[in-house]
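Hi,

Here is the structure I said I would pass on. Have a look at it first, and then read my notes underneath.

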Amino acid sequence: MSTARTAATSARSGRQAASRGIAGVAAGGSLGLAGSTRRSASLRGSLGSDRHVQYSAGNVLASLAGRRMNFIPALIGNLVPLPVPDWSKPIIVLLLLVILFMAVRALRSSRHTRRLESQRIELAADLDSMQAALVPAIPEQLGALGLSVAYRPADGPAAGGDFYDAFPLDDGRVAVIVGDVSGHGRTALARAAHMHYTLRAYVETGLDPRASLKLAGRVLGTDDDGLFTTVAIAIYDPASATLTYATAGHPPPVVLGADVGDPVAGSASPALGWGLPTGLRQTTLAFGAGSRACFFSDGVTEARTENGLLGRERLKAMFASFGSSPAAPELLERVRAEATAVTDDMAACVIEARQGRSPLTRRIEELEVNAEALAAGQGERFLHGCGVAARDIAHAVEEARALADAHGAAMLRVAVGPDGPVVAVHSAPLPVLGTPAPRDRAQADAMAAAGRTRSGDEATSGPWAGHALPLSS
């Protein structure tokens, strides 16, 4: 019995303590609520008692949290111990979360930007290295030939496909290559590098300019990228003081100091990559001491000025104004200063013969034609451009047609001199390595006499039968 009374007494004591605890919590809650009410009343007084805003914010929070998440305001109240109303603390937390998210995103974007910038710098360095291989440093003199080269990029960030080179050959000869690949960027640079060193290899093996372009047209063919390459190749021979050059879709050089006349306008060879036979034209001219030539890319003559495109004649006048010293950088700076816009890369290679007197008194123009080209009138246009009389044109074309039918192609050769043009017709193709250039005036005159007949009978039976006059390979 005593034990039962003791247990009952302990139970009543526990229930009374629990009641006092609950009453204390309720009293504390009432005091907290009263304090919150006083703070809210004070804030409403400072904010103008905007009950509508408070009601709307309360509804939003209620819809977000729900009845089962009543603990969140108390939690947020502890996380954001600021003298602000309780209803605004969740909004502050959300804003802090948004700021944290944006900061993380900005950090990731910054890292990505730095990676892209690093890749851009590496790519630009690679492009600079590749372009340096396309426009290498050239010595100011190779043998008896003075040289000056320059390259200026177009307005804009993309790198172009211009390239040039000058290198020695045997017997003191010097080769010059200037080319331009269509388009800009990495693809154009890669194509330019390929063309540059392929053509150089052909010339170094002993091919003359025309044969080098003809072989390149056959081997390289066309590609799916749609790019094409225009090229000018020249070989200077100090022994004969001659300059032999051929072009494929490229402007011919501007030549000063020799009575060479204007280049033949018609029957130019097409560019590499067009899928057409090229390497059909070649020119040889006297290039003695003091003679100068400027090889250039079309970006030079296509620079826009206040009077339209710069053009070949204006470039020739600028070139002549520099006197006897090669000055390719100054020439391009003059072009850029006069131009209002430069939309393409510009490359120039200026050469000057420092010695020698050429025995050649005529400019030699050559064109290879087949039956199809003759039917299209290319032979007539070429001969007319060389100043050949109409009667001689008809006779030469008839002979060329017979040779083309018999051998597949014929070579029209015109020696243009002060006493009029002399036409010769030969079978083609010519020997790949060509024949030596004349070493003295008597030999040059003998070579010219060998081709003096229009029908080609004497030329095909003479000592220079079937050979171009003269080749410098």
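Below is what I found, going from a strand pair to the loop between the strands and then to a helix.

Keep in mind that this is a predicted model.

Start with strand 3, which covers residues 160–168. Of its 9 residues, 8 are buried, so the strand is largely enclosed by the rest of the structure. Its partner is strand 4, residues 174–184, and the two run antiparallel with 9 bridges between them. If you want one pair to click on, Ala-166 has Val-176 in strand 4 as its bridge partner.

The two strands make a hairpin, with 5 residues between them. In that turn, Asp-171 has a positive phi of about 60°. Asp-170 also lies in the loop between strand 3 and strand 4. Is Asp-170 buried or exposed? Neither, quite: its relative accessibility is 46%, so it counts as partly exposed, given that exposed means over 50% and buried under 20%. The side chain of Asp-170 makes a polar contact of 2.5 Å with the side chain of Arg-173. Asp-237 is 67 residues away from Asp-170 along the chain, yet their C-alpha atoms are 9.8 Å apart.

Then there is helix 5, residues 186–204. From first C-alpha to last, its 19 residues reach 27 Å, close to the 27 Å expected at 1.5 Å a residue. Its buried residues include Leu-189, Met-195, Leu-199 and Val-203, but also Arg-191 and His-196. After helix 5 comes Gly-206, with a positive phi near 115°.

Cheers

Methods
Residues are numbered from 1 along each chain as its sequence is written. This is a predicted model: local features need pLDDT of at least 70, side-chain atom pairs count only at pLDDT 80 or more; totals for chains, interfaces and linings use all residues. Side-chain values use heavy atoms; hydrogens and water are left out. Buried means under 20% relative accessible area, exposed over 50%, partly exposed in between (1.4 Å probe, protein chains only). Helices (H or I, at least four residues) and strands (E, at least two) are DSSP runs, numbered from the N terminus. Two strands pair if DSSP finds at least two bridges between them. The expected span of a helix is 1.5 Å times one less than its number of residues. A polar contact is a pair of N or O atoms within 3.5 Å; within protein, one must be able to donate a hydrogen and the other to accept it, and residues adjacent in sequence count only if both atoms are side-chain atoms.
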